[in-house]
Each structure stands twice: as structure tokens, then as C-alpha cells.
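Please work through the exercises below with the structure open beside the text. Each one sets a task and then gives a solution that proceeds step by step.

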Number of protein chains: 4
Amino acid sequence: MIYMNCDYNEGCQPAIMKRMVETNMDQHIGYSEDDITAEAKALIKKACGREDVDVHILVGGTQTNMTVISACLRTHEGVISSAMGHINRHEVGTIEAHGHKVLTLDTTDGKITAKQIADFCQDHINDESREHIVKPGMVYISNPTEMGTIYNRQELLDIRKACDEYGLYLYIDGARLGYGMAAEGADFDLPFLCDVCDVFYIGGTKQGALMGEAVIIMNEAIKKDFRYIIKQNGGLFAKGRLLGIQFAELFKNDLYMEGSRHAIAMAMKIKKGFLEAGYKPYVDCPTNQQYFIVPNAVEEALGKEFIFDHECRTDADHWAIRFCTSWATKEENVDKLLALLASLK
Amino acid sequence: MIYMNCDYNEGCQPAIMKRMVETNMDQHIGYSEDDITAEAKALIKKACGREDVDVHILVGGTQTNMTVISACLRTHEGVISSAMGHINRHEVGTIEAHGHKVLTLDTTDGKITAKQIADFCQDHINDESREHIVKPGMVYISNPTEMGTIYNRQELLDIRKACDEYGLYLYIDGARLGYGMAAEGADFDLPFLCDVCDVFYIGGTKQGALMGEAVIIMNEAIKKDFRYIIKQNGGLFAKGRLLGIQFAELFKNDLYMEGSRHAIAMAMKIKKGFLEAGYKPYVDCPTNQQYFIVPNAVEEALGKEFIFDHECRTDADHWAIRFCTSWATKEENVDKLLALLASLK
Amino acid sequence: MIYMNCDYNEGCQPAIMKRMVETNMDQHIGYSEDDITAEAKALIKKACGREDVDVHILVGGTQTNMTVISACLRTHEGVISSAMGHINRHEVGTIEAHGHKVLTLDTTDGKITAKQIADFCQDHINDESREHIVKPGMVYISNPTEMGTIYNRQELLDIRKACDEYGLYLYIDGARLGYGMAAEGADFDLPFLCDVCDVFYIGGTKQGALMGEAVIIMNEAIKKDFRYIIKQNGGLFAKGRLLGIQFAELFKNDLYMEGSRHAIAMAMKIKKGFLEAGYKPYVDCPTNQQYFIVPNAVEEALGKEFIFDHECRTDADHWAIRFCTSWATKEENVDKLLALLASLK
Amino acid sequence: MIYMNCDYNEGCQPAIMKRMVETNMDQHIGYSEDDITAEAKALIKKACGREDVDVHILVGGTQTNMTVISACLRTHEGVISSAMGHINRHEVGTIEAHGHKVLTLDTTDGKITAKQIADFCQDHINDESREHIVKPGMVYISNPTEMGTIYNRQELLDIRKACDEYGLYLYIDGARLGYGMAAEGADFDLPFLCDVCDVFYIGGTKQGALMGEAVIIMNEAIKKDFRYIIKQNGGLFAKGRLLGIQFAELFKNDLYMEGSRHAIAMAMKIKKGFLEAGYKPYVDCPTNQQYFIVPNAVEEALGKEFIFDHECRTDADHWAIRFCTSWATKEENVDKLLALLASLK
């Protein structure tokens with residue numbers, strides 16, 4: 001079976017593994033206060049074009065979201081998210097377990113708009129009973145979104161403006177950030193993200209690292225005591241040097257974007273193949289997640305050789321399925337997929 | 001100005017005040033271990049027709065909801081509720097502050113169905129990622145609902161069945177329970193509620209008490225250590241005798257239902273008046289909350305003499321407004337309202 | 001049996017009950033936005049000698065503590081308290097249920113010192129592992145303490161200084177504040193408390209009200225959105241006018257202090273009686289809680305006619321017992337107690 | 001500088017790194033449902049001599065403690081721990097952040113006794129105000145303790161008995177379990193631990209893995225839905241195969257105990273050296289943590305070539321310092337340390 005169900009089926013970029021082997025018996029201080037982590041942070045700051053940001057490397061995405069969000073909100077505040085947002089759908093309610101309501105906005109493509117955010121906040125202010133209702137304190141968006149779509153520069157600036165108007169933090173979940181920046185038509189980069197939001201993270205786990213998500217904090221209020229909050233959430237990794245190695249290698253020699261570009265090339269090849277074979281996208285998107293609507297028979301036939309994700313049934317006769325590429329996707333496997341697809345005509 | 005915006009504009013039933021005056025300087029032990037509370041509990045058990053239930057009297061509705069729900073759920077479990085549910089809309093996310101997600105089902109009239117509950121749970125079980133998603137642990141419904149509608153006996157039995165099938169507790173918020181039981185066509189009573197759910201509460205605050213909500217627990221697992229959890233939530237009232245007096249008097253001489261019937265009579269008079277005047281109900285309901293759609297000019301004119309609730313604008317020219325009656329509503333005020341309405345033709 | 005086990009055995013000051021009766025059928029808006037509450041707040045501000053404080057009236061002490069403390073702390077911060085502090089001993093861990101550790105300091109008389117606070121914070125700063133440890137964010141003291149002792153002006157100023165040095169909020173639990181201010185030798189008053197701390201509360205429940213604790217907030221950061229947090233903690237009382245009546249009457253005509261002085265007079269009479277009878281105080285204190293060490297036989301004999309509190313056994317042959325006076329203590333009962341005591345010689 | 005301050009200064013056992021390299025580009029399903037994790041679980045069950053336990057591999061110790069403890073307790077329950085317990089001292093209050101009080105017992109050597117536990121619970125039951133106090137729900141002990149001491153078989157059986165008597169779960173934190181089992185005189189093993197407690201974990205991070213702690217659950221109530229709770233706490237590791245590799249290799253060919261025995265041999269050599277040089281142990285213990293009291297001048301001289309831990313000052317002229325050995329400690333470094341020590345005479 002060939003796995004194309006997610007972007008973490010393999011281990012890590014060989015350069016990362018090489019450095020892990022080379023440094024394995026070196027002695028380092030723990031909890032991310034080592035030299036390799038310092039090197040990684042310096043490289044990330046350089047890529048961001050800023051020295052005045054704080055960088056912390058955590059282990060995984062759910063851990064990162066719960067840490068960042070609980071660092072930002074007072075007890076009566078909630079976080080605005082698309083109903084499809086990872087924090088709303090796939091983290092066993094960890095935001096609620098940390099005491100905060102996820103305030104959901106509807107979406108079909110995974111994106112929410114500045115207008116939706118402003119309307120939601122304005123309705124809150126206008127409500128006679130507003131002191132009986134959770135107060136919006138933060139906006140959470142993923143870029144790319146959980147559906148593979150991306151926010152462009154203007155959309156992000158508009159959301160920032162709404163956040164400023166209503167006193168909200170803006171936090172961007174970048175679990176697949178590289179795949180977004182490498183997408184055709186993407187007009188945002190790390191320096192821009194540093195300008196537009198208060199805090200975001202650069203995903204490692206889905207981008208070629210064994211693990212690790214790098215949180216970038218611009219807002220001074222969030223910077224304060226952040227390591228305490230990492231520890232409280234189980235994220236202060238004992239052998240922090242390992243997280244350091246992941247990002248030191250990814251941000252050396254453009255490896256992070258190189259792997260991202262490869263994933264996009266493979267995704268676009270799959271997209272072209274499915275479209276040419278006459279299948280419609282479930283969501284039309286330019287990143288490494290590709291959703292298609294296929295008849296049950298096609299789903300079944302593909303499932304004999306490939307593992308992929310099932311988003312939902314679109315009707316009794318069709319499935320919306322998802323293929324995920326990554327830095328590690330072999331072109332020969334993509335070719336096999338498209339050949340199998342062609343054979344099903 | 002005449003207040004008809006809620007069912008807690010006045011103090012309490014005169015019989016309650018009388019007993020408070022009479023017993024004011026008596027000495028009692030604190031924290032609801034006094035004799036008057038024992039009397040109240042005995043009267044409530046009698047009204048329920050059961051001795052094997054636990055009764056606890058708490059101060060207010062939000063406090064009661066957070067206490068009951070946090071007593072029932074493990075950390076990864078959520079509570080299913082209508083999106084209009086009080087716990088979802090009007091308690092500043094206290095359920096989330098206690099660590100649990102509110103899992104919302106859509107509704108237009110405030111009610112949810114057994115089928116919606118079953119479908120939601122079945123979808124959860126079928127989901128490949130279910131261990132990444134909050135697990136349903138409980139169903140919360142209000143009866144009457146926040147919109148004034150009521151669940152009948154069969155609907156409640158169907159919901160119970162769904163709860164049994166999917167391993168869920170059933171909890172009924174009875175903030176306005178008397179107004180529900182007194183409604184025309186209502187076919188449920190306290191003994192039935194004891195049979196159909198695991199825990200419910202009989203509202204006092206909106207039903208003629210100064211304060212107080214009586215929690216009735218049938219399920220042994222919820223009974224265990226419940227007083228600890230009341231205390232942890234700030235609900236173990238020092239001068240508990242006062243809560244005892246509220247319910248001892250309400251459940252003596254049928255006072256609770258007498259007040260409820262009066263409220264319903266007044267509500268039906270208002271309903272008849274508005275319908276005859278040609279206004280449509282926003283929600284058609286048989287209890288003490290009456291919603292009507294009126295033109296802006298009518299809203300404005302009524303607002304010069306009456307205080308009422310604004311649910312929402314239904315369009316640029318109309319408001320959905322709410323009138324609330326109670327045990328204390330004076331018929332002369334209802335007459336004034338209808339006379340004013342007639343004059344606006 | 002005569003109750004002297006606590007200061008909430010009776011109902012309320014007759015003036016309060018009178019006004020409740022008079023206004024019972026008046027209509028008021030809910031949730032403490034009514035005129036009577038406004039009157040109460042104005043009287044409290046006047047007593048404090050300041051207009052620039054926020055006043056909120058909550059229902060009970062545990063509720064007040066959990067609301068204030070969770071309004072103040074970020075997730076990684078804890079609250080410093082005496083090990084005997086009410087929040088540490090007698091609130092079923094509600095502070096922890098709200099996510100915060102209680103950082104305890106040892107005490108024998110219920111008081112903690114500025115030096116203890118400073119040392120604790122300095123140790124935290126000096127600790128190599130400090131980011132693995134809860135950060136002190138606030139100091140909680142009760143005045144009078146749970147043992148009936150009081151902090152004087154200089155001790156409070158010293159604690160304030162330590163708080164300023166280490167960036168801590170200072171919060172004073174005044175459940176029995178009047179009994180403290182009325183004690184012989186007490187040199188603090190409401191205006192001073194407003195100057196020395198960030199937030200405190202004036203207790204009603206133990207001071208002649210049916211219920212109610214008035215929170216006084218000086219610090220702007222705590223003022224922000226406080227009503228949301230009251231509601232989230234179940235403390236936004238529907239018939240808020242009742243809370244208003246309690247404090248409007250207590251702060252009219254010096255009633256709050258008049259009741260306090262009576263309680264102190266009764267307590268001093270009891271103290272004198274026990275000391276003259278040859279019994280030692282368990283803690284020597286000037287307020288309405290009086291602790292004595294008595295032989296088992298005396299404990300047993302007193303227990304046949306009086307209800308009092310058992311603090312602990314001091315050895316196999318002795319008990320430390322507590323008598324509590326209040327605004328409502330009848331002098332004839334005190335006389336009976338002392339006569340009984342005399343008869344046991 | 002030579003690091004001897006902790007047991008996680010190096011990477012991992014070479015066998016682990018070798019397998020990581022070999023399998024790096026293999027495709028695996030995520031979230032610990034892969035074949036390598038299955039292999040690891042089977043090996044652990046075999047070592048435990050039981051098939052009827054559930055095994056879950058989490059990332060780190062704090063994460064494991066917060067996951068296990070929040071899986072076990074209801075909202076009003078707390079966990080009994082030594083005041084020196086890791087959950088009490090070094091996890092930024094994550095247990096409190098999850099809503100539960102840590103109920104501390106005093107200790108000088110890191111251990112608590114069955115009698116202390118029983119007395120604490122009995123005092124709770126006897127307390128007139130017990131419903132106002134956190135209820136003990138669980139006992140947490142570390143074996144070896146945070147001070148390097150160990151509980152023997154009989155002590156653990158006695159604690160189990162106290163837990164049974166008072167209805168408490170028993171949870172053993174085994175962050176350094178191998179170093180305990182390898183200690184001279186240790187009389188417990190994995191099958192015994194399975195019998196004596198409800199849940200424990202076998203530490204990986206400090207025992208030669210890059211990361212990872214294996215939770216072993218015997219109690220059915222804790223087994224239920226445990227993966228949901230792992231996920232909610234950010235512990236469902238995307239590339240779970242890596243956690244699998246750590247434990248598959250450690251539990252193959254006795255590697256876990258081999259590394260443990262090496263650490264103990266090095267620790268005993270250091271102990272012998274310090275004792276022979278005339279220094280007293282701060283705590284006398286048989287495992288890989290060795291505490292000594294040394295004059296300031298010795299602390300300073302050693303600190304020029306070695307990194308070690310500072311427990312506390314024992315007086316103005318002396319430090320209590322800690323040396324930690326591990327599976328990776330080089331004997332030549334131990335020799336250098338002892339030579340340096342000898343030269344300081």
C-alpha cells in the first residue's frame with residue numbers, strides 16, 4: 001500500500017537525521033537552552049527578517065495551539081475560528097479544557113473573512129445581554145487552512161484591521177505554512193506574517209521534521225513568561241536540542257522551502273490528473289492537500305493500492321477524498337496513482 | 001414604565017416573605033443542613049412521588065448548570081445542547097471554563113430531536129478521527145426551552161432512548177418548569193421527569209422565589225459527593241434556610257403550580273391580543289414567553305410604556321420582541337398593554 | 001440548644017427585612033442594574049471616601065474568591081496564601097478548579113508577613129528551575145484572618161511594599177471586615193484599605209445580611225470586564241435588588257459598624273469569662289471568633305447546651321473550641337454560657 | 001565542561017538511532033497506530049508478564065502526569081503527593097491547571113508512607129467541614145523518588161492497602177524506573193508494579209530514549225477512552241513510530257536494564273569517592289542521583305570543570321549538590337571527577 005493520507009507518513013529530511021546521528025553523544029543542556037536551538041532560532045529570525053521576535057520550538061500542533069491560546073486569553077474570553085478550524089474539530093476540545101470557548105464562523109472552503117469577524121464582534125457589542133456572553137478575545141486562522149486553501153496578503157491585512165478595531169489578538173496556525181508559501185499565487189512570506197499578526201507558528205511535523213513547531217511571537221504581552229506556559233502544557237522538551245536540530249537544518253540552505261516546493265509540484269500533478277480524468281475538486285486549492293469527488297467505485301478501486309483520507313460522502317454514490325503530498329512524496333507513486341486512475345475509465 | 005421583559009422583576013411570593021419574616025431571628029445550622037431545608041426536600045420528594053432521589057437547592061441557574069455538568073463529565077467529554085441553549089448562549093462559557101465543549105445542534109424553535117442526537121453520536125462513532133474529537137457525554141435540554149416551546153412526553157422518551165443507546169446522561173434545565181407543566185397540552189409532570197432523565201432542576205428564581213433552583217438527582221453516579229461539587233462552585237449557601245424557605249413555601253398548598261397557572265393565563269391573554277391585532281408570533285409557544293414580530297413603529301410605541309426584550313431584527317422594518325409573564329404579572333398591566341396595542345392600529 | 005458556632009445562624013438585620021417586605025412587589029431590572037443596587041454602591045463608595053472604585057455585589061464568599069482570583073491571574077500564576085487561608089482549606093479547591101495553585105506560607109495565628117512573601121518570591125527568582133515552577137502572581141490575605149487575628153496598618157503597608165517589589169496583586173478577603181474594624185486596637189478603615197490593596201471585599205453574609213459580599217476594585221486591570229467574570233462564575237444574581245438592599249441598609253445609619261461593635265462587645269465578654277475561669281486562648285485575638293483550650297469534660301458539658309466549633313484536639317485530654325459572636329448574639333445567651341462555664345469548676 | 005547535572009544530556013542509545021536511520025523513509029500510519037509501536041507494546045507487555053494491560057507511549061513526563069491524573073479524578077478530587085513530588089514542585093502547576101489540588105505530605109527523603117496517607121484520609125473523613133475540603137482521590141508517588149530514594153516491595157504493598165481502604169487510585173511515576181530496579185537492594189520489578197498500582201509509567205527520556213514515556217494501565221476505569229485524553233493533552237504524537245522505536249529497542253535484548261545497570265555502577269563509584277573523601281550525602285540513596293554536602297570552595301572548584309545541580313544551600317558555607325549518571329555516562333568522566341575531588345584535599 002502507498003500512503004498519501006497525510007503529510008507525516010515518513011520520518012524526516014535526511015539532513016536532519018544526519019545531524020542527529022553526528023551529535024547523538026554530544027552533551028547538551030536541556031529544555032531548549034542549548035547551542036543548536038540557539039542556532040535554529042537565529043536562522044528563523046533571519047528568515048523572518050527581524051531580531052525583535054521571540055522564537056520557541058514546541059513538539060506538536062495541538063500542544064502549540066493550547067499553549068498559545070491559553071497564554072493570550074483572560075478567563076471570560078473566547079477565540080474566533082472557522083467551524084472547520086483544527087482547534088474546533090480535531091483537538092478533543094483542548095481549548096475548552098483550558099477554559100475558553102471556540103466561537104465558530106461558518107465556512108465552506110476553510111476560510112473566514114474580515115467582515116464575518118467584524119460582524120460577529122459588532123453583534124456582541126450590540127447585544128443587550130453581552131455581559132452574559134463569551135467575549136471575543138482572539139482570532140485563530142490556519143494558513144493554509146484545513147481545506148488546503150490560502151489567505152492572501154490583502155485578506156490577512158483586512159483581518160488584521162478587524163482585529164485592531166475590536167481589540168483581538170491575531171494568531172496564525174502554520175502547520176503547513178511552507179506548503180502555503182510555495183503555492184502558485186501565494187503573496188505572503190515570513191516577514192509579512194510577522195507584521196500582520198501577534199503570534200504564529202511555522203510547522204515542522206508536516207514539513208519534513210520528525211516533530212516540532214516554531215512559535216514566533218511579536219506581541220510583547222504574549223512574550224512575557226511564555227516558557228512557564230510551555231512547561232505547564234507539557235511542551236518544554238527535555239532533549240530540546242532535537243527540536244533545535246529539526247529547525248536548524250530546515251532553515252539552512254533553503255531546505256524548508258525546497259521540500260515545500262516539491263510537495264506542491266506533486267500536488268499539482270495529482271490535481272491535473274484528476275481534473276483531466278473528469279473529476280471535480282471538492283475544494284479547489286493550490287496547496288498540498290487535494291480534495292476530489294469520486295464515485296464509490298473509484299474510491300474503492302483506488303483504496304486497494306493507496307491509503308487516502310475520507311472527508312465525507314457528498315451523496316450516496318460519491319465520496320470526497322483527500323490526497324496529501326509532502327516533501328517526501330515520490331514522483332513514481334504519483335505516477336502510479338494517475339495510471340491507476342486512468343485505468344478506471 | 002411597566003416591566004414585562006423577564007420573569008424575575010418582582011421579589012417573591014408573599015407566603016415566602018411571610019415565613020422569612022417569622023423565622024428571621026431563629027437560629028439554624030448553615031449550609032442547607034437545617035430543618036426548613038429538610039422540610040422543603042421532603043415536600044419536593046413528595047411532589048416527585050419518589051423517596052430515592054437526592055435533592056439539593058442551589059442559588060441560581062448558571063451555577064446549577066455548571067455544577068451539574070461538571071459533576072457528570074470526564075475531561076474529554078462534551079455536552080450536547082441546542083445552539084440556543086442557555087449554557088451555549090448566555091452563561092459566558094462557564095461550561096467551557098469548567099473544561100467541557102458544548103456540542104451544538106441547530107434549532108429554530110429551541111428544541112432538538114432524538115434523531116439529531118442519535119445522528120450526531122453515530123457520526124462521531126463513524127469518524128476515522130474520532131479520538132481527536134470531543135466525545136458526547138451528556139444531553140442538555142431546557143423544558144420549556146429558551147424560546148418558550150415545550151417537549152412533550154413522547155419527545156422526551158425518544159431522547160431518553162437515544163441517550164441510552166449512546167451512553168449519554170440526560171439533564172433537563174427546568175428554570176421555567178412550572179410554566180411548562182401549566183401550559184395547555186403539556187403532558188409531563190415531576191414523576192415522569194424523574195423517570196425520564198438522570199438529573200433535572202426545578203427553577204425557583206423565575207417561578208416566585210427570591211432565588212433558588214432545586215436539583216433532583218436520580219442517577220447514583222451523579223449523587224456521589226455532589227455537595228463537594230456544589231461547594232467548589234460557590235453554591236453551598238451559608239444561610240441555606242433561606243433556600244429552604246423558598247421551596248418549602250412553593251411546594252406547600254400547590255403554590256408553585258398556582259403561580260405557574262396565573263402566568264400562563266396572562267401569557268395566553270397577551271397572545272390572543274397580539275394575534276387578533278394581526279401580529280405573527282416569532283415562535284408559536286404555549287408558555288410564559290411570548291414572541292411577536294412587530295413593525296418598528298409598534299416596537300417604538302410599546303417601548304414608551306413597557307419594558308420588553310428584543311430577540312432580534314427579523315428585517316430592517318421589523319423586530320421580534322418578547323413579553324414575559326410570571327406568577328406576579330398584574331392583569332391590569334396586561335390590559336394596558338393590549339389597550340395600547342389596539343390604539344396603534 | 002444555643003448556636004454560637006458561626007456568624008450566620010440568624011437571618012438578617014431587621015432593617016434589611018423591613019425594606020425587603022416594603023419593596024417586594026416593586027418591579028426592578030435584573031442583574032444588579034437596578035436603583036437599589038445603585039444606592040448601595042453609592043453608600044459604599046462614600047464609606048470608602050472614593051468615587052474611582054468599582055463596586056460589585058456578589059452572593060457568597062467562595063464565589064467571590066474564585067471570581068476575583070480568576071479575574072487577576074494568567075494561567076501560569078498562583079496565589080500566595082497562608083496555609084490556613086479560606087481558599088486553601090475550605091473551598092474544595094475552587095482556586096485549583098479555576099486553574100491556579102495556592103502557594104502556601106506557614107502560620108500559627110493565621111497571619112503571614114511581608115518578609116515571608118518577599119522570601120518566597122526571591123527564592124522563586126533565584127531558582128535555576130524557576131520556569132518549571134508556578135509563578136507568584138497575587139497575595140491573598142483575610143482580615144480578620146480565619147483565626148480571628150488582625151493585620152494592622154503597618155503590616156498591611158509592609159505587605160503592599162513586598163507586592164510592589166515582586167509585581168503581585170494584593171487581595172483582601174473581608175468576610176468579617178466589620179468585626180476587624182470594630183476590634184480594640186484596629187487602626188485600619190475602608191479608605192485605607194482602598195489605598196493599600198488592589199481589590200478587597202466587604203463581607204455581608206457574616207455581618208448581618210442574608211447574603212452578599214461587596215467587591216471593591218481599585219486596579220484598572222481588574223475592573224475591566226469584571227461583570228463577564230461574575231456571570232461566568234454564577235454570581236450575576238437575577239434579582240440583584242436583593243443584594244442591593246442588604247448593603248443599602250447596612251451602610252445607612254452606621255448599621256454595619258453598629259452590628260460589628262455589638263459582636264465585639266459580646267466576644268470580649270466571653271473572652272474575659274474564659275480567661276477568668278482559667279482557660280487559655282488557643283489563639284489570642286480581638287475579634288468575634290474566640291478560641292479556647294478546654295478539657296474534654298468541659299467540652300462535653302458545654303456541648304449539652306451550646307453548639308460551637310471544634311478546631312482540633314490539642315492533646316488527648318483537650319480540645320481547642322471556637323465561639324463565634326455576631327451582630328445577632330443575645331447577651332442573655334452569653335450570660336448563660338458564662339454561668340454554665342462557672343458551674344463546671 | 002562535562003555535564004553531570006541530569007540524565008538527559010545525550011541523545012539516545014545507538015540501537016535506537018540505528019533503527020531510526022534504517023526506517024526513516026518507510027511509510028507509517030500516524031498517531032501510534034503503526035507496526036513498530038505495536039512491536040514496542042508487545043515487548044513491554046511481555047516484560048510486565050501480562051497481556052491484560054493497556055500500553056500508551058507519550059512524549060514527556062509532565063505531559064504524562066497531567067494526562068493520567070486528569071483521566072482519573074472527578075472535579076472535586078485531589079491527588080496526594082510528597083511535597084517534593086515532581087507534580088508539586090516542577091510542572092508549573094499543571095495539575096492545578098487541570099483543576100485538581102495537589103495534597104502534599106511532608107518528607108525529607110522524597111518518600112511518603114502508608115501511615116501518612118491513611119492519617120490524611122482519616123482526618124478528612126473526621127472533619128466536620130469535609131464537604132468544604134478537597135477530597136483525596138489518588139496517590140502519586142515517584143519510584144525512584146525525586147531524591148533518588150526507592151520504595152521497596154513492602155512499602156508499596158502498604159501504600160496499596162491504604163489506597164484500597166480509602167478508595168484511592170495509586171499512580172507511580174517511573175521517570176527513572178530502570179535506575180530504581182537496577183539499584184542494589186531493589187526488590188520490585190515490572191510484574192509486581194502491575195499488581196500493586198492502577199497505572200504507572202516506564203520512563204524513556206531519562207533512560208536512553210530521545211523521548212517517550214510508556215504508560216501501563218491496569219485499572220479498567222482508567223483504560224476507557226484514554227486516547228482521547230492523550231490527544232486533549234497534546235500527547236498524541238503524529239509520527240508515533242518514533243516513540244515506538246524508542247521502546248521497541250529499549251525492550252529488546254535487555255537494553256533498558258543494561259543501560260540502567262551502567263548508570264548505577266557509575267553512581268556507586270561516585271558515591272564511594274565522595275564518601276571516602278569525607279563528604280556526607282545530603283540524602284543517602286542507591287540510584288543514579290547522588291547528593292552530597294560540600295563546602296563552598298569545593299562547589300566552586302568542581303564547577304570549573306563539571307556542570308551539576310544545586311539542590312540548596314545547607315548553610316552559609318555549604319551546598320547540597322547533585323550528580324546524575326545515566327546509561328551514557330563515561331567512566332573516564334567519573335574518574336576525572338574523582339581525581340579532581342581528590343586534588344581538592
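The exercises that follow concern a predicted model, and they move from chain interfaces to salt bridges and then to a single residue.

**Exercise 1. Describe the interface between chain A and chain D by its extent, its composition and its polar pairs.**

Step 1. Begin with the extent: chain A contributes 46 residues to the contact and chain D contributes 46 residues, and the area buried between the two chains is about 4000 Å², with carbon and sulfur atoms giving 59% of it. On the side of chain A, the residues that lose the most area to chain D are A:Gln27, A:Gln232 and A:Lys239, which together make up 18% of what that side buries.

Step 2. Turn next to the polar pairs: 26 residue pairs are in polar contact between chain A and chain D, both residues being at pLDDT 80 or more, while the rule finds zero salt bridges across this interface.

Step 3. Assign the touching residues of chain A to elements: at least two residues each come from β1 (2-3), α1 (14-23), α3 (61-72), α5 (94-97), α11 (226-232) and α12 (241-250) of chain A. By residue class, the side of chain A that touches chain D divides into 24 nonpolar, 16 polar and six charged residues.

**Exercise 2. Determine how chain B and chain C are related, and characterise the interface that they form.**

Step 1. Superpose the copies: a turn of 180° with a shift of 0.0 Å along the axis lays chain B on chain C with an RMSD of 0.0 Å. The two copies are therefore related as by a two-fold rotation axis. The same surface serves both copies, since 100% of the contact residues of chain B recur in chain C.

Step 2. Establish the extent: the contact takes 47 residues from chain B and 47 residues from chain C, and about 4000 Å² is buried between these chains, 59% of it on carbon and sulfur atoms. In chain B, the greatest losses of area to chain C fall on B:Gln27, B:Gln232 and B:Lys239, together 18% of what that side buries.

Step 3. Examine the polar pairs: zero salt bridges are found by the rule across the interface of chain B and chain C, whereas 26 residue pairs there are in polar contact, both at pLDDT 80 or more.

Step 4. Complete the picture for chain B: the elements giving two or more residues to the side that touches chain C are β1 (2-3), α1 (14-22), α3 (61-72), α5 (94-97), α11 (226-232) and α12 (241-250) of chain B. The residues of that side comprise 24 nonpolar, 17 polar and six charged.

**Exercise 3. Locate salt bridges within helices of chain A and chain C, and state the spacing and exposure of the partners.**

Step 1. Take the overall count: by the rule there are 96 salt bridges over all chains.

Step 2. Consider chain A: A:Glu22 forms a salt bridge with A:Lys18, the closest N and O atoms being 3.0 Å apart. Both residues lie in helix α1 of chain A, four residues apart, about one turn of the helix, and both A:Glu22 and A:Lys18 are exposed.

Step 3. Consider helix α1 of chain C: the side chains of C:Glu22 and C:Lys18 meet in a salt bridge at 3.0 Å, N to O. Because C:Glu22 and C:Lys18 are four residues apart in helix α1 (residues 14-22) of chain C, about one helical turn separates them. C:Glu22 is exposed, with a relative accessible area of 52%, and C:Lys18 also counts as exposed, at 54% relative accessibility.

Step 4. Move to helix α13 of chain C: C:Glu276 and C:Lys272 form a salt bridge, with their closest N and O atoms 3.3 Å apart. These residues are four residues apart in helix α13 (residues 255-276), so about one helical turn separates them. C:Glu276 counts as exposed at 60% relative accessibility, and C:Lys272 is exposed with a relative accessible area of 53%.

Step 5. Return to chain A for a network: salt bridges link A:Arg19, A:Glu39, A:Glu249 and A:Lys252.

**Exercise 4. Describe the setting of C:Thr329.**

Step 1. Place the residue: C:Thr329 is found in the loop between β13 (318-324) and α15 (331-343) of chain C.

Step 2. Classify its exposure: the relative accessible area of C:Thr329 is 11%, and the cut-off for buried is under 20%, so C:Thr329 is buried.

Step 3. List its surroundings: a polar atom of the side chain of C:Thr329 lies 2.7 Å from the backbone nitrogen of C:Ser326. Not counting residues up to four places away in sequence, C:Thr329 touches C:Met4, C:His262, C:Met266 and C:Val334.

How values were computed: Residues are numbered from 1 along each chain as its sequence is written. Chains are lettered from A and ligands numbered from 1 in the order in which they are written. This is a predicted model: local features need pLDDT of at least 70, side-chain atom pairs count only at pLDDT 80 or more; totals for chains, interfaces and linings use all residues. Side-chain values use heavy atoms; hydrogens and water are left out. Contact means heavy atoms within 4.5 Å. Buried area is the accessible area (1.4 Å probe) that two parts lose on being put together, summed over both. A salt bridge is a side-chain nitrogen of Lys or Arg within 4 Å of a carboxyl oxygen of Asp or Glu. A polar contact is a pair of N or O atoms within 3.5 Å; within protein, one must be able to donate a hydrogen and the other to accept it, and residues adjacent in sequence count only if both atoms are side-chain atoms. Ala, Val, Leu, Ile, Met, Phe, Trp, Tyr, Cys and Pro count as nonpolar, Asp, Glu, Lys and Arg as charged, and the others, Gly among them, as polar. Copies are superposed by least squares on the C-alpha atoms of residues with pLDDT of at least 70 in both. Buried means under 20% relative accessible area, exposed over 50%, partly exposed in between (1.4 Å probe, protein chains only).
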